[in-house]
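Open the model in your viewer and keep the selection panel at hand. The stops below go from side-chain pairs to a sheet and the helices on it.

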Amino acid sequence: MFTRRHLLGAAAAVAAGATHLAGQTVGAAKPVRPVVLSTWRHGLAANEAAWKILSSGGRALDAVEAGARITESDPNVLTVGYGGLPDRDGNVTLDACLMDEKGDCGSVAYLQHIEHPISVARRVMETTPHVMLVGEGALKFALENGFKKKELLTDRAKQEWEKWKTDHPDAVKERQVNVENHDTIGIVAIDAQGNLSGACTTSGMAWKLNGRVGDSPIIGAGLYVDNEVGAATATGVGEAVIRAVGSFLVVEFMRQGHSPQDACRLATERVVEKNPDWKQLQVGFIALDKRGRVGGYCLQPGFDYAVYDQSGGNRMVKSKSRVAL
Ligand code: SD4
């Protein structure tokens, strides 16, 4: 028989922190910190940079920015920053945002010619009364703040674009938002002081319409941090994430008492509800709560994320998916 005592026992277990840590059941009540986690395999290198800061007592905000900058500079990552695939007209346009433990946030969208949009977003946050700057205004702001112009379209990305144009003569009619052509970096961390921050940066969907902006620079969609609760970030088809206000939703589910893992799963269910074509799309979420517990979940198999903490080191975790393999 299920008694009131059982119920209290279960509540006490939850309060004590008995739950999932990256898919493993653990009973430890002690908070884990610092911790950093990032989307996709390029998250390993981003985590390394972030960990240097976190392990020496640094601030989570500095850690996530440093991590995001690594991916932005890597020409072999075709989905973020320098080397990112262009829109269908050949323009590399970048979106990024970050959010700190005070709930402050900064964002840029449709920013061209600047290698580190995440740092421009931070400058917006720290030196202006605004949250978001876009396009020409964002570029002007970046240049006025000492950022240098750079050609972001690499030879490799240009070749891919030319091949895509040849293979898709009727491109204008195509939506081109499938499972494959995206891999944003979203990175969330908790520092030794127990403060949370997050960052998200992308070149967006390859071959998008000129002017298109996805979820990644939208606070609440691509990223959300609430220092009382946790942090979450998204990857995948931005339109689908925006419709569900995905990252905010993950944090709200954690606020209701769900583990990061369950919160990501429940938000993915909402993405399914809001997107009738969800079977053609990929969306993935990762999350971290105030106690340093982590989780991830996605629509289609194939999404993984990198987690770095003291006990486990830097490793890849395969995300559970709504659609089974
Ligand atoms: C976007 N969410 O622009 C980004 C793309 C992405 O993993 O996540 N890629 O829609």
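Select Arg122 first: this residue is buried, at 12% relative accessible area (buried means under 20%, exposed over 50%, partly exposed in between, with a 1.4 Å probe and protein chains only). This is a predicted model, in which local features need pLDDT of at least 70 and side-chain atom pairs count only at pLDDT 80 or more, while totals for chains, interfaces and linings use all residues. Residues are numbered from 1 along each chain as its sequence is written, and side-chain values use heavy atoms, with hydrogens and water left out.

Now add Glu65, which forms a salt bridge with Arg122, the closest N and O atoms being 2.8 Å apart. A salt bridge here is a side-chain nitrogen of Lys or Arg within 4 Å of a carboxyl oxygen of Asp or Glu. Because Arg122 lies in helix H4 (residues 117-127) and Glu65 in helix H3 (residues 60-73), the pair ties together parts that are 57 residues apart in sequence. Helices (H or I, at least four residues) and strands (E, at least two) are DSSP runs, numbered from the N terminus. Glu65 is also buried, with 13% relative accessibility. Extend the selection to Asp62 and Glu126: together with Glu65 and Arg122 they are linked in a network of salt bridges.

Next, select Glu115 and Lys150, whose side chains meet in a salt bridge at 3.1 Å, N to O. Glu115 sits in the loop between strand E5 (105-111) and H4, and Lys150 in the loop between helix H5 (135-144) and helix H6 (155-167), so this pair ties together parts 35 residues apart in sequence. Glu115 is buried at 18%, whereas Lys150 is partly exposed at 30%.

For a pair within one helix, pick Lys140 and Glu144: their salt bridge is 3.5 Å, N to O. Both lie in helix H5, four residues apart, about one turn of the helix, and both are exposed. The count of salt bridges comes to 16.

Which strands make up the open sheet, and in what order? Show the five in the order E9-E10-E11-E12-E15, with mixed pairing; strands pair if DSSP finds at least two bridges between them. The edge strands, each pairing on one side only, are E9 (223-226) and E15 (320-321). E10 (residues 230-236) and E11 (residues 283-289) pair in the antiparallel sense over seven bridges. Zoom in on Thr235, whose bridge partner in E11 is Gly284.
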